[in-house]
Every structure is written in structure tokens, then in C-alpha cells.
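Me: I'm new to this, so could you pick one part of this structure and go through it slowly? Please explain any terms as you use them.

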Amino acid sequence: MVSFESLAQSVIAGREAQVKEQVQEMINAGADPLDVINQGLIAGMNIVGPRFKAGDMFVPEVLMSAKAMSAGIALVKPLMTDKELPSMGTIVLGTVKGDLHDIGKNLVGMLLESGGFRVVNLGIDIAPEAFVLAVKEYKADIVAMSALLTTTMLGMKDTIELIKEEGLNVKCIIGGAPVSKDYADKIGADGFAPDAASAVDLCKQLLSA
Ligand code: B12
């Protein structure tokens with residue numbers, strides 16, 4: 001059987017076809033789906049995150065790795081019960097109202113997923129009411145909002161206000177090029193992260209606190 005180390009390397013290299021082949025081979029050989037995920041697929045992404053943060057890997061490469069990892073997970077997922085699927089918590093993710101930028105948000109989503117979180121990606125142009133509905137429906141632990149325009153950043157404040165008004169027990173984090181730690185503090189967000197790898201650390205920190 002192909003080794004977990006070799007599967008992890010295929011994820012790091014972003015070779016989707018090879019990842020699928022190796023995962024299928026492991027499934028056929030009777031490997032434990034959870035081991036395939038943790039020791040192969042996620043182990044690979046665990047190398048990608050820090051490399052990206054350190055500037056040794058760039059956005060297109062990270063996207064390819066994340067896509068390869070997701071393709072592998074899609075193959076093993078049907079073999080597992082919901083109970084077995086590793087989950088660090090549920091995160092509702094979206095780009096705020098009026099904003100159509102989603103490259104960074106999707107990268108954040110992929111790294112969070114590879115970090116073991118269940119991610120509900122609502123997409124772009126998400127109104128505060130839609131965030132609130134999703135938090136209730138998916139019993140989210142964290143709401144993660146992205147904005148790339150100075151004009152749409154205000155949507156984050158509106159969403160946090162509505163969440164507080166509704167009395168929901170959920171952490172709110174924000175990110176995107178025009179957003180800062182100062183802005184997060186100002187609007188009462190629980191956290192800010194400058195990039196996708198830091199977003200994973202931030203969520204782990206918030207949920208372990
Ligand atoms: C690609 C792009 C587009 C694409 C978007 C395609 C898509 N599917 O996303 C298109 C062409 C559609 C577009 C449209 C527009 N754009 Co545009 N766009 C960009 C561009 C060049 C890159 C953005 C990007 O993808 N970066 C790469 C990703 C990986 O980085 P990122 O988004 O910052 O995400 C990282 C972090 O911020 C963080 N992060 C992101 N989200 C989150 C969320 C959380 C919770 C956390 C913790 C972290 C986090 O992690 C990510 C990964 O490390 C930027 C310029 C720039 N350099 O930022 C302009 C830019 C954002 N756009 C701009 C503008 C003005 C527009 C338009 C208004 C242009 C127009 N006149 O039509 C429209 C607006 C459309 C709309 N309503 O949203 C301006 C914004 C100016 C401002 N300050 O408001 C910018 C800065 C360009 C500029 N210098 O003028 N755009």
C-alpha cells in the first residue's frame with residue numbers, strides 16, 4: 001500500500017489526480033478512513049499552512065493543495081459515519097453584503113476545513129440576517145466574515161450587532177485586506193487574522209478558551 005507520507009507529499013504538491021489514486025488504493029487495501037484523513041491528507045495540509053504563512057508557498061499553490069486534499073476527503077467521507085468525522089467545531093463563513101470577493105475567503109475556508117473544522121461556506125454578498133439564520137441552523141461556534149472593500153466592511157459591524165441583538169452565543173471573527181485588529185476591537189469582534197493560516201490558529205485559540 002502507498003504510504004501516508006507519500007499521500008501527504010502529493011497534497012503538498014497539489015497533485016489532485018495522484019491524491020485521488022492514492023486514496024482509492026488505500027481504501028481498496030482496507031486502510032482506516034480516519035487514518036487516511038489525519039495521517040495523510042491533513043498531515044499534508046499541516047505542512048502547507050505554515051509554509052504559506054512563512055511566504056514559502058503562494059496562493060495558487062495553496063489552492064491546489066487544498067483542492068487536492070478536498071478531493072481525497074470526498075472519497076473517504078462516504079465511508080465514515082458523522083460521528084467519526086473529526087470536528088473541532090462549526091464555522092459559518094461568508095463574504096459580507098455588497099462584496100463579491102471570495103478568493104481569500106475560500107482559502108480561509110479550505111485551511112479551516114483541513115484544520116479539522118466543519119465549515120459552512122455561505123458564499124458572497126451575505127446579509128447580516130443570512131449570517132444569523134445560518135448560525136442558528138448549523139449551531140455555529142464561530143462566524144467568520146470576509147470583506148475586501150472599505151465600503152462593505154461596515155457589514156461586519158451590522159452583522160455583529162444583529163448577532164448580539166439576537167443573543168446568540170457565537171464568536172465573531174473578521175478578515176480581509178482592508179480589515180485590521182483595531183477595526184475588530186472597534187466593532188466588538190472576538191478576533192482578526194491577517195491570513196488563512198493565522199485564521200486557523202485564531203479559531204483553535206477561541207474554541208479552546
Ligand atoms: C481579485 C480582485 C477582484 C475580483 C474578485 C474575484 C473573486 N472571485 O474574488 C473582481 C474582479 C470581481 C473584483 C471586483 C471589484 N473590486 Co477587487 N480586487 C481584487 C484584488 C486584485 C485581489 C483580491 C484577492 O483575491 N486577493 C488574494 C486573497 C488571497 O487575499 P485576501 O482576499 O486579502 O485574503 C487573505 C486575507 O485577507 C485573509 N482573509 C480574507 N478573508 C478573511 C476572513 C476571515 C474571517 C479571516 C480571519 C481572514 C481572511 O486571509 C486570506 C488568505 O490569506 C484586490 C487587490 C488586492 N491586492 O487585494 C482588488 C480590490 C480588493 N478590489 C477593489 C475594487 C475597488 C473592486 C471593485 C469595486 C472594482 C470595480 N470598480 O468594479 C469591484 C467590486 C465588486 C464587489 N462588489 O465586490 C479594491 C478595493 C478598494 C477598497 N479599499 O475598497 C482593491 C483593493 C483593488 C484596488 N487597489 O483598488 N476584484
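Reply: Let's start with a word you'll need: a residue is called buried if 20 or more other C-beta atoms lie within 10 Å of its own, exposed if 12 or fewer do, and partly exposed in between, with C-beta atoms placed from the backbone. Helices (H or I, at least four residues) and strands (E, at least two) are DSSP runs, numbered from the N terminus.

Keep in mind that this is a predicted model: local features need pLDDT of at least 70, side-chain atom pairs count only at pLDDT 80 or more, and totals for chains, interfaces and linings use all residues. Residue numbers start from 1 along each chain as its sequence is written.

Now zoom in on helix 5, residues 103-114. Of its 12 residues, 9 are buried, so helix 5 is largely enclosed by the rest of the structure. Want to find them? Look for Lys105, then the run Leu107, Val108, Gly109, Met110, Leu111, Leu112, Glu113 and Ser114.

You can also check the length of helix 5. The expected span is 1.5 Å times one less than the number of residues, which means 16 Å for these 12 residues, and that agrees with the 17 Å between the end C-alpha atoms. Just after helix 5, Gly116 has a positive phi of about 100°.

For something to set beside it, try strand 3, residues 142-146. Here 5 of the 5 residues are buried, so strand 3 too is largely enclosed by the rest of the structure. Ile142, Ala144 and Ser146 point one way, while Val143 and Met145 point the other way.

Strand 3 has partners, too. Two strands pair if DSSP finds at least two bridges between them. Strand 1 (residues 90-96) pairs with strand 3 in the parallel sense over 5 bridges, and Val92 sits opposite Val143. Strand 4 (residues 171-175) also runs parallel to strand 3, with 5 bridges joining them; in that pairing, Ile173 of strand 4 is the bridge partner of Ala144. To get from strand 3 to strand 4, the chain goes through helix 7 (residues 154-165), making a right-handed β-α-β crossover. Right-handed means that, with the strands pointing away from the viewer, the path from the first strand over the helix to the second runs clockwise.
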